[in-house]
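This report describes selected strands of one protein chain and the surroundings of one acidic residue.

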Amino acid sequence: MEKVAIFVDVQNVYYTVREAYGRNFDYNKFWAKATTGREVVKAFAYAIDRGDQKQREFQNILRAIGFEVKLKPYIQRSDGSAKGDWDVGITLDAIEYAEKADVIVLVTGDGDFDLLVNKIRKVHGKKVEVYGVPQFTAASLMRAASEFKPVGKELLLI
């Protein structure tokens, strides 16, 4: 059975899906699609923790599906901007699990990950599936992926 490791950039998915479709990503449907016939080695969901109850409930849903939820605090800068991205954390985890899985699934549209995807494919010889909203996924990331899987209506909450 093919082994899979899954890495979800929760903030990126939330904002791109909302912008494109005005709806929310269905993590249950995604899980079913990405894991059918595969053994899940590890699944991470990377999120920003604002500490509110609704967010805690969402994180518990992700855990119930099978994700390990990794949280970073939401940081509001004095100039009004905010910080809280997981690019380095996702990269480190994906490199680590590339040794343990046959397929790496990355859910994001962030073009910064094209270097990671190329490294996993070339150095580790692994297949990398990228799920993203087509109009908000960097062309470089789509090109780097072994397979780009568009997030469309079939992966949204009704």
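In what sense, parallel or antiparallel, do β7 and strand β8 pair, and over how many bridges? In this predicted model, strand β8 (residues 147-150) runs parallel to β7, and the two are joined over 4 bridges.

## From β7 to β8

One position of this pairing can be named: V130 of β7 has F148 as its bridge partner in β8. Between the two strands the chain passes through helix α6 (residues 139-144), and the resulting β-α-β crossover from β7 to β8 is right-handed.

## From β6 to β7

Strand β7 also pairs with strand β6 (residues 103-107), again in the parallel sense, here over 5 bridges. The bridge partner of L106 in β7 is V130. The connection from β6 to β7 leads through helix α5 (residues 114-124), and this β-α-β crossover is right-handed.

V130 is thus a bridge partner both of L106 and of F148 in β8. Strand β7 itself, spanning residues 127-132, is mostly covered, with 5 of its 6 residues buried.

## The acidic residue D9

D9 lies in strand β1, which comprises residues 2-9. The residue is buried, yet D9 has no salt bridge. The nearest side chain of opposite charge belongs to K72, at a distance of 10 Å. A salt bridge would require a side-chain nitrogen of Lys or Arg within 4 Å of a carboxyl oxygen of Asp or Glu.

Which residues, then, are in contact with D9, leaving aside its neighbours within four places in sequence? They are Y46, I90, V107, T108 and F113.

Definitions and conventions. Residues are numbered from 1 along each chain as its sequence is written. This is a predicted model: local features need pLDDT of at least 70, side-chain atom pairs count only at pLDDT 80 or more; totals for chains, interfaces and linings use all residues. Side-chain values use heavy atoms; hydrogens and water are left out. Buried means under 20% relative accessible area, exposed over 50%, partly exposed in between (1.4 Å probe, protein chains only). Two strands pair if DSSP finds at least two bridges between them. A crossover is right-handed if, with the strands pointing away from the viewer, the path from the first strand over the helix to the second runs clockwise. Lys and Arg count as positive and Asp and Glu as negative; His and the chain ends are not counted. Contact means heavy atoms within 4.5 Å.
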